Amino acid sequence: MPADLANLPRTIWWDVDAKDKVPGVYLIDQTRLPLTGDILCCRTLEGLEIAVKTLAVRGAPALGVAAAMGVALWSENEFSGTTVEEWLSGVDAAAARIGTARPTAVNLAWGAEQARQCARAAAAAAAAAPGDAPGAGLQAARQALVAFARQMAADDEATCRAIGAAGRAILPKDARILTHCNAGSLGTAYFGTVGGVIYTGFDAGLVSHVWVDETRPLNQGGRLTAWEMLCAGIPSTLIADNMAASVMARGLVDLVLVGADRICVNGDTANKIGTLGVAILARHYHIPFYVCAPFSTIDPELPEGSGIPIEQRDPRELEGCIVSGTILPDDAASSQAFDLLTAQGLRHLQLKGGHQMSLERKGAAYAFDAWFKMTPAHVQVYNPAFDVTPAGLITGIVTERGVFAPGELAAALGDAPGGAPAVPGGAPGDAPAVPTPPAAADASAAPTPPGDADEATPRA
Ligand code: MRU
């Protein structure tokens, strides 16, 4: 049976509200997956920036799309000038702001820069078109920017499908894959980089099982990849990060596939914290270790990994555990009690022991976000979000243009098509169809994997 992707939501898309006609960037809130499938609608650059910083949208390729859409969002909803010059200077500021919201994933700055270049090219094209009515050139340029940002999401999916196709070459028959973090569909606009290789390989009968590293501290593996694998019907087993050595030692892993946030010209690769440890283990047990990523994740400016900026995150991610979910009261009396609690909107509950919890009414349900403290007070914390795996530990890099040894990247970069991005012609309506979102903003709309968790528990 092929991978069942129908249950997997799109990660990010552009849409215009049917009622008030205001455009927005829509995304599935990954901070609350898998328990709640909330859809966030961002209508301002600041809103999208917060979504990026809080990891509501995350994963390098998805961040690239978010950055381009953020610039287009500013242009559509916040630009109030009248001249092309004002618009271009605002585009520059918007691109600088969203492009630096997180430091490590190079796709974020790349996506913002692509949008900036698109705006410049569109403005130049408009200026070259003689005889237009006043303001028409600016309007056309703004429309071109929106079309470009929407096209980027479609292109990202196509790139992931190409990575998936290229990945077939590295898969032995009945491969048992170990992966870290989430480089699946949720880390991209759709389909995934590692996800692409897994889904394509599974459909070709080449993948038999996936080991999913939990990926402390934010559990992108346990919350997101495990959920994705269940949605898609891929046999998978969740392990804590410190179990990877044990399953490798038992001969249960044929190859490791991870994503990337920034790949240097020499092949050194930044990815989610813990990736380096997995790579060292793979080398010890003679297991091939592949990075799956688009060319947009390669930073042509960085010769090697020591220059990669590593994001340091809030110590609370390590000091405690975040749980989000939805309460569905089963009788009228409980509903009334929750209604009272949340009558004034978001309600912060006072908990003993430093734990934090907030509750908010969402239709007939009540969404909660809780942070449970697990460590002693005043503990010192070091919380880097990424580490760098040296090229020497990487067997190959699976891209949309094929599989490269780390040492082949520099030459491949020289061959890569360069220059300013093409401005898609025509009105935004001409852009490829916007993916159908899952039902919006209803707490009960959480996409659920088939079967229940117990049923889906795989055997080791
Ligand atoms: O902090 P995150 O969740 O954005 O980190 C994501 C990763 O490290 C992914 O492995 C990487 O971005 C590849 S996503 C296709």
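1. A quick definition to start: Ala, Val, Leu, Ile, Met, Phe, Trp, Tyr, Cys and Pro count as nonpolar, Asp, Glu, Lys and Arg as charged, and the others, Gly among them, as polar. By that scheme, the shell around the ligand holds eight nonpolar, seven polar and three charged residues.

2. Please keep in mind that this is a predicted model, where local features need pLDDT of at least 70 and side-chain atom pairs count only at pLDDT 80 or more, while totals for chains, interfaces and linings use all residues. Residue numbers start from 1 along each chain as its sequence is written.

3. Back to the ligand: 18 residues surround it, each with its C-beta atom, placed from the backbone, within 6 Å. The closest are R58, G59, G187, G259 and K272. Helix α2 and strand β9 (269–272) each supply at least two residues of this shell; helices (H or I, at least four residues) and strands (E, at least two) are DSSP runs, numbered from the N terminus.

4. Now look at α1 (residues 45–53) and α2 (residues 60–77), which pack at about 165 degrees with axes 9 Å apart. Axes are lines fitted to C-alpha atoms, for helices over the stretch in contact, and angles run from 0 to 180 degrees between N-to-C directions. The two helices are therefore roughly antiparallel (an angle over 145 degrees).

5. Finally, follow strand β7 (residues 255–258), which pairs in the parallel sense with β4 (residues 175–179) over three bridges; pairing takes at least two bridges found by DSSP. L255 of β7 is the bridge partner of I177. β7 also pairs in the parallel sense with β10 (residues 289–292), over three bridges, and here V258 stands opposite V291.

Terms used. Angles under 35 degrees count as roughly parallel, over 145 as roughly antiparallel, 65 to 115 as roughly perpendicular and the rest as oblique.
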